[in-house]
Amino acid sequence: MSDNNLFEKIISHAKEYGFVFPSSDIYGGLAAVYDYGQNGVELRNNLRQFWYLSMTRLHANIVGLDSSIFMHPKIWKASGHVDGFNDPMIDNKDSKKRYRADVLIEEHQEKIRQKIAKEVTKAATRFGDSFDETQFRQTNPRVMEYQERIDTMNGILKTALESGDLNQIKELIESEGIVCPISGSKNWTDVRQFNLMYSTQMNALEGADEDLYLRPETAQGIFVNFLNVQKTGRMKLPFGIAQTGKAFRNEIVARQFIMRMKEFEQMEMQFFCKPGTELQWYEYWKQWRMRWHGVLGTDEKKLRFHDHVKLAHYANAAVDIEYDFPFGFKEVEGIHSRTDFDLSQHEQFSGKKLRYFDAEANESYIPYVVETSIGLDRLFLVVMSEALQEEEVNGDTRTVLKLPPALAPIKCAILPLVKKDGLPELAEKIYEALRFDFNTFIEDKDSIGKRYRRMDAIGTPFCVTVDHDSLTQGDVTIRYRDTMEQERVPIDSLREIIEAATSMKTLLKQI
Ligand code: GAP
């Protein structure tokens with residue numbers, strides 16, 4: 001499948017098999033808002049659970065939190081979101097489409113990177129075993145010129161974003177000859193700032209109180225509860241607080257399916273540590289989080305670190321973990337060393353001390369923070385992109401979702417071969433016995449082949465077929481999704497087989 005085809009296929013597969021629906025579908029949908037269907041919600045819950053357990057159970061010093069979406073409006077003043085949570089936007093006058101100016105530039109750079117990759121592949125084929133990629137990149141004039149262009153753009157973009165010089169960004173778009181992907185024209189408006197927070201009122205009376213904001217990140221809920229958790233949990237530094245929950249952003253460019261949504265879910269962990277140790281922990285979390293992605297079966301060649309060109313107002317180091325989606329490398333997770341910025345700001349704005357008493361050093365200080373922040377919906381898209389495959393089987397095409405078994409929405413399908421002779425009744429008994437342990441499915445409609453294919457398409461790792469021999473011999477045929485191999489096993493052994501392959505524990509132990 002080509003990348004474009006794969007992306008289209010993921011979107012249509014997600015809808016057809018009950019993973020993701022456009023929100024308010026019968027009313028024509030709502031831009032950049034999506035609903036998760038019967039299989040999507042299971043996969044998403046499993047991903048969330050895997051993240052939460054890996055953070056909390058595998059780290060004795062990390063605990064959970066569930067803070068509210070509504071928070072005191074001053075929080076967003078303190079965090080810098082009211083004044084600084086802006087994106088630079090630009091409109092194309094011909095297509096009337098709006099873009100994030102920095103994203104237009106980044107996508108343009110990605111195209112140049114692809115040109116470099118082409119040159120490297122060509123040279124590697126030409127030189128064979130003697131090919132030295134590093135040397136080639138450092139000496140080939142064309143590649144050097146491309147790289148220099150990218151670096152210059154990065155430099156200009158960084159300075160422009162830091163100084164808020166929006167004209168410079170427009171000049172860069174013009175000098176690079178970047179065109180609108182829809183109209184193909186260079187007829188751009190000026191670049192303007194756009195705040196991404198949604199506001200609402202707490203009370204019915206308009207004007208009765210300050211605007212509330214729907215939280216644009218879950219992290220602030222952790223910061224403002226830092227002392228509550230530290231004191232009640234008697235936590236010693238370093239320690240972390242993890243939470244998952246909805247966040248809302250009025251994204252200018254909301255496309256690419258669940259990649260960039262207006263309502264989405266984040267899974268964030270703030271790791272509080274002693275000032276001066278933060279860059280060590282930053283390095284630790286970078287490596288740990290990359291390993292975590294590997295355990296989900298994500299092809300390691302499709303994952304990379306990408307250092308931030310522009311550091312956010314709160315960070316002294318920041319990196320993204322990017323995945324090579326069908327539309328190119330894009331951020332899935334951010335790891336940020338946020339210094340003591342947030343806690344200091346909340347101390348100042350609330351007038352309450354947010355200090356940690358270090359008994360060993362006999363002093364109080366504001367801890368530094370390293371954050372790991374991943375979007376659940378983007379992770380969902382990574383997992384779908386990796387798992388969705390088409391295979392030729394006996395001249396036919398099989399669509400299969402090769403999800404890690406622990407993440408699969410349904411772990412096991414119980415399928416009576418025919419709808420008579422007591423087979424449905426035995427199937428029902430097996431289903432009853434397994435459904436307390438696993439998300440189990442039972443179905444007797446259609447041919448067994450069609451039922452297998454439907455289970456392949458939603459990623460069910462095991463199909464159990466109940467036939468006439470099962471009635472007398474107490475065994476069934478178990479079919480493995482990935483190999484399609486079938487094996488005769490005693491009914492009594494099913495729980496153990498499924499448990500061994502699908503439990504979260506198996507995945508957690510691999511990190
Ligand atoms: N607390 C830090 C923070 O919010 P971020 O890089 O803005 O950092 C973290 O967001 C993660 O949240 C991203 O890596 C991405 O996976 C996810 N995310 C951000 N905006 C999103 C959107 N509009 N739709 C889906 N996921 C989004």
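Glu251 is a good place to start: at 5% relative accessibility, this residue counts as buried. Even so, its side chain has a partner, since Glu251 meets Arg260 in a salt bridge, with N and O 3.6 Å apart. Keep in mind that you're looking at a predicted model. Across the structure there are 40 salt bridges, and a few of them are picked out below, along with the domains, some backbone oddities and a charged patch.

**Salt bridges**

- Side chains of opposite charge can pair when their charged atoms come close.
- Arg304 pairs up with Glu110, and the closest N and O atoms are 3.6 Å apart. Arg304 sits in strand β11 and Glu110 in helix α5, so this salt bridge ties together parts that are 194 residues apart in sequence.
- The two partners differ in cover: Arg304 is partly exposed at 23% relative accessibility, while Glu110 is buried at 14%.
- Helix α5 also supplies Glu119, which meets Arg142 of helix α7 (residues 141-163); the pair therefore links parts 23 residues apart in sequence. Here the N to O distance is 3.2 Å.
- Glu119 is buried, with 13% relative accessibility, whereas Arg142 is partly exposed at 47%.
- Some salt bridges share partners, and in this way Glu391, Arg398, Lys402, Asp456 and Arg479 are joined into one network.

**Domains**

- The domain assignment splits the chain into domain 1 (38-74 + 196-390), domain 2 (86-194) and domain 3 (403-508). As those bounds show, domain 1 is given as two stretches of the chain.
- How far apart do the C-alpha centres of domain 2 and domain 3 lie? The answer is 51 Å.

**Far in sequence, brought together in space**

- Asn5 belongs to helix α1 (residues 3-16) and is partly exposed, with a relative accessible area of 46%. Its C-alpha atom is 8.6 Å from that of Pro326, although 321 residues separate the two along the chain.
- Thr298 is in the loop between α11 (278-295) and β11 (303-307), and it's buried, at 6% relative accessible area. Thr298 and Ala387 are 89 residues apart in sequence, yet 8.9 Å apart from C-alpha to C-alpha.

**Backbone details to look up**

- The peptide bond from Leu237 to Pro238 is cis, and its omega is near -5°. You'll find Pro238 in the loop between α10 (226-232) and β9 (239-248).
- Phe257 isn't a glycine, but it has a positive phi of about 60°. This residue is in the loop between β9 and β10 (263-273).
- Is Phe257 buried or exposed? Phe257 is buried, with a relative accessible area of 7%.
- Asp421 is another residue other than glycine with a positive phi, near 60°. Its place is the loop between β19 (412-416) and α14 (423-434), where Asp421 is partly exposed at 45% relative accessible area.

**A positive patch on the surface**

- Which residues form the positive surface patch? They are Lys115, Lys118, Lys122 and Arg126.
- Arg126 is part of helix α5 (residues 101-127), the helix that also holds Glu110 and Glu119.
- Arg126 has a relative accessible area of 58%; exposed means over 50%, so Arg126 counts as exposed.

Conventions: Residues are numbered from 1 along each chain as its sequence is written. This is a predicted model: local features need pLDDT of at least 70, side-chain atom pairs count only at pLDDT 80 or more; totals for chains, interfaces and linings use all residues. Side-chain values use heavy atoms; hydrogens and water are left out. Patches are made of residues with over 30% relative accessible area and no salt bridge: like charges are joined within 9 Å, nonpolar side chains (Val, Leu, Ile, Met, Phe, Trp, Tyr) within 5 Å. Accessible areas come from the Shrake-Rupley method with a 1.4 Å probe; for residues, only the protein chains shown count as cover. A salt bridge is a side-chain nitrogen of Lys or Arg within 4 Å of a carboxyl oxygen of Asp or Glu. Lys and Arg count as positive and Asp and Glu as negative; His and the chain ends are not counted. The place of a charge is taken as NZ of Lys, CZ of Arg, CG of Asp or CD of Glu. Helices (H or I, at least four residues) and strands (E, at least two) are DSSP runs, numbered from the N terminus. Buried means under 20% relative accessible area, exposed over 50%, partly exposed in between (1.4 Å probe, protein chains only). Domain bounds come from an automatic or database domain assignment.
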